[in-house]
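Let's take a friendly walk through this protein, strand by strand. Have the viewer open and follow along.

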Amino acid sequence: MTAVTSREVIHHFSAIAARVAAGEELTVTRYGKPLLKLIQVPQAEVSPQEREALIEKVLSIRMTGSLGKKFERSDAYDD
């Protein structure tokens, strides 16, 4: 595991994030002591049934939505 300083993270965040996204695990140090561990968040896999249910939900919202009403975020959630 590679160590980077908190200053490096502040000044080079995009590069550090790219390294972590590529699978590298980094330890962030502050005054030479380990402070944080940066790891990539595992991607959740959606089952085919969940995917199909989401598609149906989006299509139903799209088809039943009033043409005069502006779409609101709450329209995407079940009551």
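## Starting at a strand pair

Thr2 has its bridge partner in S2, and that partner is Leu26. Keep in mind as you look around that this is a predicted model. The two strands involved, S1 and S2, run parallel and are joined by four bridges.

Leu26 also has a partner on the other side: Leu38 in S3 stands opposite Leu26. Leaving aside neighbours within four places in sequence, the contacts of Leu26 are Met1, Thr2, Ile16, Arg19, Val20, Leu36, Lys37 and Leu38.

## The overall layout

Stepping back, the protein has three helices and three strands. Read from the N terminus, the elements come in the order β-α-α-β-β-α. Of the 79 residues in the protein, 10% are buried.

The protein exposes about 7,200 Å², and 57% of that area comes from carbon and sulfur atoms. Among contacts with a separation of 6 or more, 22% are between residues 24 or more positions apart.

## The sheet

The three strands make an open sheet with the order S1-S2-S3 and mixed pairing. S1 (2–5) and S3 are the edge strands, each with a single partner strand, so one side of each has no neighbour in the sheet. On average, neighbouring strands of this sheet are turned by 35° against each other, ignoring direction.

S2 and S3 run antiparallel and are joined by five bridges. Together S2 and S3 form a hairpin with two residues between them, and Tyr31 in the turn has a positive phi of about 55°. Two more pairs help you find your way along this hairpin: Lys37 in S3 is the bridge partner of Thr27, and Leu36 in S3 is the bridge partner of Val28.

## Covered and uncovered strands

How many of the five residues of S2 are buried? Four of them are, which leaves S2 mostly covered. S3 (residues 33–38) is hardly covered, with a count of zero buried residues among its six.

## Two threonines in S2

Thr27 is found in S2, which spans residues 26–30. Is Thr27 buried or exposed? Thr27 counts as buried because its relative accessibility is 17%, and the cut-off for buried is under 20%. Beyond residues up to four places away in sequence, Thr27 touches Met1, Thr2, Ala3, Val4, Pro34, Leu36 and Lys37.

Thr29 has its place in S2 as well. With a relative accessible area of 14%, Thr29 is buried. Outside its neighbours within four places in sequence, Thr29 is in contact with Ala3, Val4, Thr5, Ser6, Pro34 and Leu35. As a general point, side chains in a regular strand alternate between the two faces of the sheet.

## The nonpolar core

Which residues make up the largest nonpolar core? There are six residues in all: Val4, Val9, Ile16, Val20, Leu26 and Val28. Helix H2 (13–21) and S2 each supply at least two residues of this core. For one view of how these parts meet, look at Leu26, whose contacts include Ile16 and Val20.

## Salt bridges

The model has two salt bridges. In one of them, the side chains of Glu24 and Arg19 meet at 2.8 Å, N to O. Glu24 counts as partly exposed at 27% relative accessibility, and Arg19 is partly exposed as well, with a relative accessible area of 30%.

Glu25 and Lys37 also meet through their side chains in a salt bridge, here at 3.8 Å, N to O. Glu25 lies in the loop between H2 and S2 while Lys37 lies in S3, so this pair ties together parts that are 12 residues apart in sequence. Glu25 is partly exposed, with a relative accessible area of 36%, whereas Lys37 is exposed at 52%.

Lys37 is worth a second look in your viewer. Besides its salt bridge with Glu25, Lys37 is the bridge partner of Thr27 and is among the contacts of Leu26.

How values were computed. Residues numbered from 1 in each chain as written. Predicted model: local features only at pLDDT ≥ 70, side-chain atom pairs only at ≥ 80, totals over all residues. Heavy atoms only, no water. Buried < 20%, exposed > 50% of the residue type's maximum accessible area, 1.4 Å probe, protein only. Contact = heavy atoms within 4.5 Å. Core = buried A, V, L, I, M, F, W, Y, C linked by side-chain atoms within 4.5 Å. Pairing = 2+ DSSP bridges. Areas by Shrake-Rupley, 256 points an atom, 1.4 Å probe, with all protein chains shown as cover. Axes fitted to C-alpha atoms, helices over the stretch in contact; angles between N-to-C directions. Salt bridge = Lys/Arg side-chain N within 4 Å of Asp/Glu carboxyl O.
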